Amino acid sequence: MRKKPNLDLRMEQCADFLIQNPKEYRGRWRTLKPDAKEVRLELGCGKGRFTAETARQNPQALYIAVERVPDAMIVAMERVRDLGLNNVYFIDGDAAQLRDYFAPDEVDLLYINFCDPWPSSHHARRRLTHENFLVLYRGILREGGEIHFKTDNKPLFEYSLFQFPKAGYELSQVTRNLHECGIQGVMTDYEEKFHSIGTPINRCVGTKLAMDPEPEFKPIPGPDRSRRIPREAEEQDTPKESDKED
């Protein structure tokens, strides 16, 4: 991810979109948009193409986008600002801390787009679709709430299809070639790059089911801030195999 010029100044100019203390909003996110019909959360928004366009198309929803890389997030915030949107806010945070940011049943829909596949089996627990992460999301999703998951990584997708039911989600809309018959939905920048070179895009929806008792959530260690290279944020003109694993 290239460093953005004048990052501090640009962040200051977009300060209205950044939630500095997300823990203070736990249980009261709808105060940011009292007329919101639902709260949607995106993990790893990158440069925000998907975030901004999806929010523009759904003005009745409140969008919260989580991103750990300021050089990517500033582009996303500027996109939202330039579109004049008032239903999108950003968190510089980590998925492992979501239960600190959101109360039970507070989120209606969660997007996971092109997350790091962590291909080594030794790193499986770091995948955002690992069973324990999916259990974590149960702690903030309402019953019947959905996770929309997209990836170009076939091994990660097949792995994830086994993880969702284990964590108490019903799978639907499972496809291994989302855009086979034409563009479906809003693309991320990363998605458009790989679709343009013929890489199939995998997608599924997981719906939270009631479970009694609820599966046990095992706390996840804090993030390794040395790995701050988002898939969505890459700016190479031509995608490379090495890009696909970062």
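User: How does the reach of helix α6 compare with the span expected at 1.5 Å a residue?

Analyst: Helix α6 (residues 154–166) has 13 residues and reaches 19 Å from its first C-alpha to its last. The expected span is 1.5 Å times one less than the number of residues. That gives 18 Å here, and the reach is close to it. This is a predicted model, where local features need pLDDT of at least 70, side-chain atom pairs need 80 or more, and totals for chains, interfaces and linings use all residues. Residues are numbered from 1 along each chain as its sequence is written, and side-chain values use heavy atoms, without hydrogens and water.

User: What makes α6 a helix by definition?

Analyst: A helix is a DSSP run of H or I with at least four residues, while a strand is a run of E with at least two, both numbered from the N terminus. Helix α6 has 13 residues. The protein chain holds 7 helices and 7 strands. Along the sequence they follow the pattern α-β-α-β-α-β-α-β-α-β-α-β-α-β.

User: Which residue caps the N-terminal end of α6, and how do you know?

Analyst: Asparagine 153 does: its side-chain oxygen lies 2.8 Å from the backbone nitrogen of leucine 156. A polar contact is an N or O pair within 3.5 Å; within protein, one atom must be able to donate a hydrogen and the other to accept it, and residues adjacent in sequence count only through side-chain atoms on both sides. Just after α6, glycine 168 takes a positive phi of about 90°.

User: Which residues of α6 are buried, and what covers them?

Analyst: Leu156, Phe157, Ser160, Leu161, Gln163 and Phe164 are buried. Their cover includes α5 (131–138), β5 (141–151), β6 (169–175) and β7 (202–208).

User: Why is arginine 40 called buried or exposed?

Analyst: Buried means under 20% relative accessible area, exposed over 50%, and partly exposed in between (1.4 Å probe, protein chains only). Arginine 40 is at 10%, so it counts as buried. Arginine 40 sits in strand β1 (residues 38–43). Beyond four places in sequence, arginine 40 touches residues including Thr54, Tyr63, Leu109 and Tyr111, where contact means heavy atoms within 4.5 Å. Its side chain also makes a polar contact of 2.5 Å with the side chain of glutamate 38.

User: Which class fits arginine 79, and why?

Analyst: Arginine 79 has a relative accessible area of 29%, so it is partly exposed. Arginine 79 lies in helix α3 (residues 70–82).

User: What polar contacts does the side chain of arginine 79 make?

Analyst: One of its polar atoms lies 2.9 Å from the backbone oxygen of lysine 47. The side chain of aspartate 189 is joined to that of arginine 79 by a polar contact of 3.1 Å. Arginine 79 also touches Ala52, among others. The C-alpha atoms of arginine 79 and alanine 52 are 6.5 Å apart, although 27 residues separate them along the chain.

User: How much space lies in the second largest pocket, and which element gives the largest share of its lining?

Analyst: About 190 Å³. Strand β5 gives the largest share, 3 residues. Lining residues include Phe50, Thr54, Tyr111, His148 and Arg203.

User: How much of the protein chain is buried?

Analyst: Buried residues make up 54% of its 246 residues.

Methods
1 Å grid on protein atoms, 1.4 Å probe; cavity = no way out; pocket = protein on both sides within 12 Å on 5 of 7 lines; lining within 4 Å. Points joined across faces, edges and corners; volume = space filled by probe spheres on them.
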